[in-house]
Amino acid sequence: MKFQGSDSYIATQDLMLAVNASITLTRPLLIKGEPGTGKTMLAEEVAAALKMPLLQWHIKSTTKAQQGLYEYDAVSRLRDSQLADLDASDRVKDIRNYIVKGVLWQAFTSEQPVVLLIDEIDKADIEFPNDLLREIDRMEFYVYETRELVKARHRPLVFITSNNEKELPDAFLRRCFFHYIRFPDAETMKAIVEVHFPGIKKELLGAAMKTFFDVRGLPGLKKKPSTSELLDWLKLLVAEDIPLEALQSKDEKVAMPPLVGALLKNEQDVTLFEKLVFMQRHNR
C-alpha cells in the first residue's frame with residue numbers, strides 16, 4: 001500500500017515519501033504548512049488513491065478530545081425517562097442508546113481500514129493533543145458508562161494538520177511522522193494550475209504567475225496569497241475574460257492586478273501594494 005500521487009493532486013516526491021513513511025511506521029502523519037497549501041486535500045486524495053473510506057474530524061477552539069471517542073447524552077436520557085411510556089422504558093434503561101459514537105470510535109470499529117483526518121489540531125486547547133496520546137498510540141479506549149473496551153479492528157491511516165497557531169507537546173510529536181509542505185516553486189505551481197485549468201492559455205498563465213509571485217514577494221505583507229487563492233484568482237480571470245494586457249505593464253514594473261481582492265485579503269496589504277506601485281511609477 002503506497003501513495004504515488006493522483007491525477008488531481010500534484011504531490012512532490014518528498015511529500016509522497018512522507019505519506020509512505022507514515023504508512024510503514026503506522027504512525028500519524030503530522031502535516032504543517034501555510035494555509036491553502038493542500039494539507040486537508042492530501043488526506044482526501046490519499047483516501048481516494050488507496051480506495052479507503054475517509055473520516056474527517058474538523059477541530060474547533062471548543063473541541064474536546066472526548067468528543068472524538070464518544071459522548072454520553074445524559075440530558076436526552078433524563079428527558080426520555082420523564083416522558084416515556086411503558087413501551088419506551090426499555091430504551092431508557094439501556095444506556096447504550098444514549099452513547100454517541102465519535103469519529104475515532106467509528107474509525108476503530110470500521111469493517112475496513114480507513115483514512116482518519118484530524119484537521120487543524122492546533123485550534124483546540126493545548127491539552128487536546130495530550131488527551132489523545134493513549135488512544136492514538138494503543139488504538140483502544142475505555143467506555144466507562146458501558147464498561148467496555150473498544151479496540152481498533154484495523155489501525156487507521158491518520159493525518160493530522162496544523163497551521164502552527166499553537167506549539168504541540170513533545171510527547172505528541174514523538175508519536176508522529178512530521179512533514180512540512182513547502183510553498184510550491186514556479187514549476188510545481190504551473191503543474192498544479194494545469195490540473196485545475198487544463199486549457200488555460202500559456203501567455204495568460206505566465207503573466208498571472210509573474211504577478212502572483214511579485215505579490216507574494218512583497219516584503220511586509222500581513223498575509224501572503226496562497227495556492228488556493230491563486231486558483232480562485234485564475235478562475236475569475238478566465239470567467240471575466242480579463243485581457244492579457246491588464247496583467248502586463250509595459251515597463252516590467254509591478255502593477256495593481258485586476259480582481260486583486262482574490263489575492264490580498266486585508267486593507268493593510270492592499271495599501272502597501274498600492275504604495276509600491278505608486279513609488280515605482282514615480283521612480284522613487
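**Two residues and a helix pair**

Me: In this predicted model, does Lys51 count as buried or exposed?
Reply: The relative accessibility of Lys51 is 71%, and the cut-off for the exposed class is over 50%. Lys51 sits in the loop between helix H2 (39-49) and strand E2 (54-58). Because its value is 71%, Lys51 counts as exposed.

Me: What separation is there between the C-alpha atoms of Lys51 and Lys275?
Reply: Along the chain, Lys51 and Lys275 are 224 residues apart. In space, the distance between the C-alpha atoms of these two lysines is 51 Å.

Me: Does Asn20 count as buried or exposed?
Reply: Asn20 belongs to helix H1, which covers residues 13-25, and, once neighbours within four places in sequence are set aside, Asn20 is in contact with Met1, Lys2 and Phe3. Its relative accessibility is 11%, and a residue is placed in the buried class when this value is under 20%. Asn20 therefore counts as buried.

Me: Which word describes the orientation of H10 and H12 to each other?
Reply: Helix H10 (residues 186-196) packs against helix H12 (residues 227-239) with axes 11 Å apart and an angle of about 50 degrees. An angle under 35 degrees would count as roughly parallel, and one from 65 to 115 as roughly perpendicular. The two helices are therefore oblique.

Me: How many residues of the contact of H10 with H12 are nonpolar?
Reply: H10 contributes Met189, Ile192, Val193 and His196 to this contact, and H12 contributes Thr227, Leu230, Leu231 and Leu234. Of these residues, none is charged and two are polar, while the number that are nonpolar is six.

Conventions. Residues numbered from 1 in each chain as written. Predicted model: local features only at pLDDT ≥ 70, side-chain atom pairs only at ≥ 80, totals over all residues. Heavy atoms only, no water. Helix = DSSP H or I, 4+ residues; strand = E, 2+ residues; numbered from the N terminus. Buried < 20%, exposed > 50% of the residue type's maximum accessible area, 1.4 Å probe, protein only. Contact = heavy atoms within 4.5 Å. Axes fitted to C-alpha atoms, helices over the stretch in contact; angles between N-to-C directions. Parallel < 35°, antiparallel > 145°, perpendicular 65-115°, else oblique. Nonpolar A, V, L, I, M, F, W, Y, C, P; charged D, E, K, R; others polar.
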